[in-house]
Amino acid sequence: MDIIDAGTKDPMLATNAIAEVLEQLYHQDDFQVLFTLDGYNTWLNPTAYRSFRYQNDGVLKGAMP
């Protein structure tokens, strides 16, 4: 919960906090765990930043994921 609290208080740490929680859950075998995340699908939207690397992607149309 300390990691999640730090991620919710500081947006710059949010992605790292989720990655750290997932990493710790992957390596524990003592308990069965259900991890839910509200709003995860908003991470998959294209950003406002453009890049030539994604120009040929039909969904992104040049926007970075």
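Ser-51 is a suitable place to begin, for this residue is buried, with a relative accessible area of 11%. The structure is a predicted model, and the values given here are computed from it. Ser-51 belongs to the segment after α2. Once its neighbours within four places in sequence are set aside, Ser-51 is in contact with Gly-62 and Met-64.

Met-64 deserves attention next. Like the serine, Met-64 sits in the segment after α2. The C-alpha atoms of Met-64 and Ser-51 are 6.1 Å apart in space, while the two residues are 13 apart in sequence. The contacts of Met-64, again without its neighbours within four places in sequence, are Pro-46, Thr-47, Tyr-49, Arg-50, Ser-51 and Tyr-54. Is Met-64 buried or exposed? The answer lies in between: Met-64 is partly exposed, because its relative accessible area is 33%, and that class runs from the 20% limit for buried residues to the 50% limit for exposed ones.

Lys-61 is also found in the segment after α2. Lys-61 is exposed, with a relative accessible area of 56%. Its backbone merits a remark as well: the phi angle of Lys-61 is near 55°, a positive value in a residue that is not glycine.

From here the reader may turn to the largest pocket. The space within this pocket is about 160 Å³. Its lining is formed by Ile-4, Gly-7, Thr-8, Ala-14, Ala-17, Ile-18, Val-21, Phe-35, Thr-36, Leu-37 and Trp-43. Two elements, α1 (2-9) and α2, each give two or more residues to that lining. Which element gives the most to the lining of the largest pocket? It is α2, with four residues.

Helix α2 spans residues 14-26, and Asn-16 has its place in this helix. Asn-16 counts as exposed because its relative accessibility is 52%, and the exposed class begins over 50%. Asn-16 can also be related to Ile-4: the two are twelve residues apart in sequence, and their C-alpha atoms are 9.8 Å apart in space.

Ile-4, already named in the lining of the largest pocket, also takes part in a nonpolar surface patch. This patch of about 840 Å² is made by Met-1, Ile-4, Phe-31, Val-33, Phe-35, Leu-37, Tyr-40 and Trp-43. Phe-35 is another residue named both in the patch and in the lining of the largest pocket. Phe-35 is found in the segment after α2. With a relative accessibility of 33%, Phe-35 counts as partly exposed.

Definitions and conventions: Residues numbered from 1 in each chain as written. Predicted model: local features only at pLDDT ≥ 70, side-chain atom pairs only at ≥ 80, totals over all residues. Heavy atoms only, no water. Patch = residues over 30% accessible without salt bridge, like charges linked within 9 Å, V, L, I, M, F, W, Y side chains within 5 Å. Areas by Shrake-Rupley, 256 points an atom, 1.4 Å probe, with all protein chains shown as cover. Salt bridge = Lys/Arg side-chain N within 4 Å of Asp/Glu carboxyl O. Buried < 20%, exposed > 50% of the residue type's maximum accessible area, 1.4 Å probe, protein only. Contact = heavy atoms within 4.5 Å. 1 Å grid on protein atoms, 1.4 Å probe; cavity = no way out; pocket = protein on both sides within 12 Å on 5 of 7 lines; lining within 4 Å. Points joined across faces, edges and corners; volume = space filled by probe spheres on them.
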